[in-house]
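Good morning, everyone, and thank you for making the time. Please have a look at the structure on the screen, and I will then walk you through some parts of it.

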Amino acid sequence: MDSRFYYPTNTGSLGEPRRTSSFGSSIEHRTSARFAAKPGETPTTSVKRTILVVEDDDNSLFVLKNILRTKGYCVLEAWDGKQAVRVAETQKLDLILLDLQIPRLNGLGVTRRLRENATLASLPIVIMTGCDPEKYRASAIAAGCDDFLLKPIDFDRLEAVLDCFVPICAASVIERSHEYPGPDHQ
């Protein structure tokens, strides 16, 4: 799948998250003008957050890795589902950004496999796809994904997902519980 990233493009979510929460305002109503890091400014963090990006498209992988590294995240990558499972089982991860259509084990298969592992059951998994989200909604929820990003990726939406699941600033960790109710609280 040849994915292209444009800014801004779309918003939206899979719908109901795997985990319920009692957070405050909806992610769909929240955007940010501060996506890009300011020159000379380093994110404040005590522990560098690690994100696994599972993407078989070179261009999409390149863009996501650069955006995430610029924001201050440690980025690991996998090209297919089996490699993604191996990395998740051997590395300490804070989030997985997982393409739905990848070789050897698709995104839903990866999610199911990781949810079977007790130590990875609470690891946030965000599915990325260019496919119609309504077509995969029930399957993705049943597999255990936490959220859904449509391709081409809307960078404000990506930042909101990052702020929710893997905030960089120490202050964001405290505020996080008041920002993201998940799509089921709309």
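I will begin with the overall layout, then turn to the helices and how they pack, and end with a few residues in the loops.

Please keep in mind throughout that this is a predicted model. The protein has six helices and five strands, and if you follow the sequence from its beginning, these elements come in the pattern β-α-β-α-β-α-β-α-β-α-α. Of the 186 residues in the protein, 51% are buried. As for contacts with a separation of 6 or more, 72% of them are between residues that lie 24 or more positions apart.

Let me take helix H1 next, which covers residues 58–71. H1 has 14 residues, and the distance from its first C-alpha to its last is 20 Å, which is close to the 20 Å expected at 1.5 Å a residue. Which residues of H1 are buried? They are Ser60, Leu61, Leu64, Lys65, Ile67, Leu68 and Lys71. It helps here to recall that an α-helix has 3.6 residues a turn, so residues three or four places apart point the same way. The buried residues of H1 pack against four strands, namely S1 (50–54), S2 (74–78), S3 (95–99) and S4 (125–129), and also against helix H5. Just after H1 comes glycine 72, which takes a positive phi of about 105 degrees.

That brings me to the pairing of H1 with H5, the latter being residues 155–165. The axes of these two helices come within 13 Å and cross at roughly 55 degrees, which makes H1 oblique to H5. On the H1 side the contact is made by Val63, Leu64, Ile67, Leu68 and Lys71, and on the H5 side by Phe155, Leu158, Glu159 and Leu162. Sorted by class, the residues of this contact are seven nonpolar, no polar and two charged. The crossing of H1 and H5 is right-handed.

Now for two other helix pairs, beginning with H2 (residues 81–90) and H3 (residues 107–116), whose axes come within 9 Å and cross at roughly 25 degrees. H2 and H3 are therefore roughly parallel to each other, and their crossing is right-handed. Gly81, Ala84, Val85 and Ala88 of H2 meet Val110, Arg113 and Leu114 of H3 in this contact, and by class these residues are five nonpolar, one polar and one charged.

H3 also packs with helix H4, residues 133–143, and there the axes come within 8 Å and cross at roughly 20 degrees. So H3 and H4, too, are roughly parallel to each other. From H3 the contact draws on Leu108, Thr111, Arg112 and Arg115, while H4 provides Tyr136, Ser139, Ala140 and Ala143. In the contact of H3 with H4 there are four nonpolar, two polar and two charged residues.

Let me finish with the loops, starting with aspartate 57, which is placed in the loop between S1 and H1. Is aspartate 57 buried or exposed? Because its relative accessibility is 9%, and residues under 20% are taken as buried, aspartate 57 counts as buried. Its C-alpha atom is separated by 8.2 Å from that of tryptophan 79, although the two residues are 22 residues apart along the chain.

Tryptophan 79 comes up again with proline 103, which lies in the loop between S3 and H3. Proline 103 and tryptophan 79 are 24 residues apart in sequence, and 7.8 Å apart from C-alpha to C-alpha. Leaving aside residues up to four places away in sequence, proline 103 touches Asp56, Trp79, Asp80 and Gly81. With a relative accessibility of 37%, proline 103 counts as partly exposed.

In that loop between S3 and H3 we also find arginine 104, which has a positive phi of about 70 degrees although it is not a glycine. Arginine 104 is exposed, its relative accessible area being 54%.

The last point concerns proline 152, in the loop between strand S5 (147–150) and H5. Which kind of peptide bond joins lysine 151 and proline 152? The bond is cis, with omega at about 0 degrees.

Thank you for listening, and I am happy to go back to any part of this.

Methods
Residues are numbered from 1 along each chain as its sequence is written. This is a predicted model: local features need pLDDT of at least 70, side-chain atom pairs count only at pLDDT 80 or more; totals for chains, interfaces and linings use all residues. Side-chain values use heavy atoms; hydrogens and water are left out. Axes are lines fitted to C-alpha atoms, for helices over the stretch in contact, and angles run from 0 to 180 degrees between N-to-C directions. Angles under 35 degrees count as roughly parallel, over 145 as roughly antiparallel, 65 to 115 as roughly perpendicular and the rest as oblique. A crossing is left-handed if the near helix is turned anticlockwise from the far one by less than a right angle, and right-handed if clockwise. Contact means heavy atoms within 4.5 Å. Ala, Val, Leu, Ile, Met, Phe, Trp, Tyr, Cys and Pro count as nonpolar, Asp, Glu, Lys and Arg as charged, and the others, Gly among them, as polar. The expected span of a helix is 1.5 Å times one less than its number of residues. Buried means under 20% relative accessible area, exposed over 50%, partly exposed in between (1.4 Å probe, protein chains only).
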